[in-house]
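Please open the model in your viewer and keep the selection tool at hand. The stops below say what to select next and what is there.

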Amino acid sequence: MSKPAFRHEALIYGDPEEFLAGAVPFLRGALEAGEPALVAVSRRNTLLLEGELAADAGEIRFAPMEELGRNPARIIPFWQDFIDVEGERSMRGIGEPLWPGRGAAEIDECQRHESLLNVAFSQRPSLSLLCPYDGAALSDEVLACVSHSHSRVTSRGATEPSREYLAERDCFAGELPDHPAAAEAFVFDSTKLFTVRRCVERVAEEAGVASRRAADLVAAASELAANSIAHGGGVGTLRTWREPGSLVVEIEDRGTIEEPLAGRLRPSVTQERGRGLWLANQLCDLVQVRSSALGTTVRLQTALSG
């Protein structure tokens, strides 16, 4: 008997009852089939599921999505770890990367993440993912994009195949919003990597970033600047500025990133490339990457509080 294909479906719910009506049968089906199940949703929805499942909730692993998914690029490694533990067994997961209150940049990265799930796990037929979306709180524009990354969508109790599903999407395409005209900037080469570090240290201190988080941002920026030297034409441009609630560091160069999952898969011991973006995703609250034949821009964000 052939294995089923990787399933990546969405659940648009209008209230807690609709959420439970879609999520609980999915999880009970896993329990009845003896399949491991992993749930990473908002705290509110975790409590709803635990209450509805009662004693059965102890058979399911729960993880705090608002913590692990703050940077959406960390979510694919989370599911990969689940697969690595369970091996070839059929397994189910519920993931809610886009909860109400996310900013515009986070929403964009969550949508790109949802598309990249199809790339990351297309060869993993043992995995079924259900992604809930709060239809009462999220905008119509956001909800309209759900059908692009999920092969089937459940809404108002009805499940239908998505006519707008895109199995492949260039998630590096597009442009980031313009940086402020007053952003601090300078061009660096291999002789100025120390200056990159000092600059990021200074702007983090001036912005009031806690010392440990500032050190993380410096390390991420340093790795990416080194990547620019090695793979981006030998030079790059560093820009820094503040946005409401966050400090932004941007590195731009003439290189091109072709691996769609760059920075989202844990690098192996022998892997030569891809460590810089991986490190940046582990250390920063948000990482945005846009890359084409004209060059690459990586934008790092660190919250000024929290």
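Two residues are in contact when they have heavy atoms within 4.5 Å of each other, and the helices and strands named on this tour are DSSP runs, H or I of at least four residues for helices and E of at least two for strands, numbered from the N terminus. What you see is a predicted model, in which local features need pLDDT of at least 70 and side-chain atom pairs count only at pLDDT 80 or more, while totals for chains, interfaces and linings use all residues. Residues are numbered from 1 along each chain as its sequence is written, and side-chain values use heavy atoms, with hydrogens and water left out.

**First stop: helix α5**

Select residues 104–120, which form helix α5, with 17 residues and a reach of 24 Å from its first C-alpha to its last; that is close to the 24 Å expected at 1.5 Å a residue, where the expected span is 1.5 Å times one less than the number of residues. Of the 17 residues of α5, 12 are buried, a word that here means under 20% relative accessible area, with exposed being over 50% and partly exposed in between, for a 1.4 Å probe and protein chains only. Among the buried residues of α5 are I107, C110, H113, L116, L117 and A120. To find what they pack against, add β1 (7–13), α4 (75–86), β5 (127–134), α6 (140–144), α7 (146–149) and β11 to the selection.

**Second stop: α4 against α5**

Now keep α4 and α5 alone on the screen. How far apart are the axes of α4 and α5, and at what angle do they pack? The axes are 10 Å apart and the angle is about 35 degrees, with axes taken as lines fitted to C-alpha atoms over the stretch in contact and angles running from 0 to 180 degrees between N-to-C directions. On the α4 side, I75, I76 and W79 make the contact, and on the α5 side H113, L116, L117 and A120 do so.

**Third stop: the largest nonpolar core**

A nonpolar core is a set of buried Ala, Val, Leu, Ile, Met, Phe, Trp, Tyr and Cys residues joined through side-chain atoms within 4.5 Å. The largest one here has 28 residues, and L238, V287 and L300 are those with the most contacts inside it. To see the elements that give two or more residues to this core, select α8 (193–207), α9 (211–231), β10 (246–253), α10 (275–283), β11 (286–292) and β12 (295–303); the largest share, 7 residues, comes from α9. Apart from this core lies another, of 22 residues, which includes L38, F121, L129 and C171.

Next, centre the view on L300, which lies in strand β12 and is buried, with a relative accessible area of 1%. Leaving aside neighbours within four places in sequence, L300 is in contact with residues including L217, L224, V249, A280 and V287. With the same neighbours left aside, L238 touches, among others, F186, F188, V196, V200 and I251.

**Last stop: two loop residues**

Finally, select A54, in the loop between α2 (43–53) and β3 (61–64), and R156, in the loop between β6 (152–155) and β7 (158–161). Phi of A54 is near 55 degrees, a positive value in a residue other than glycine, and phi of R156 is likewise near 55 degrees. A54 is partly exposed, with a relative accessible area of 49%, whereas R156 is exposed, at 75%.
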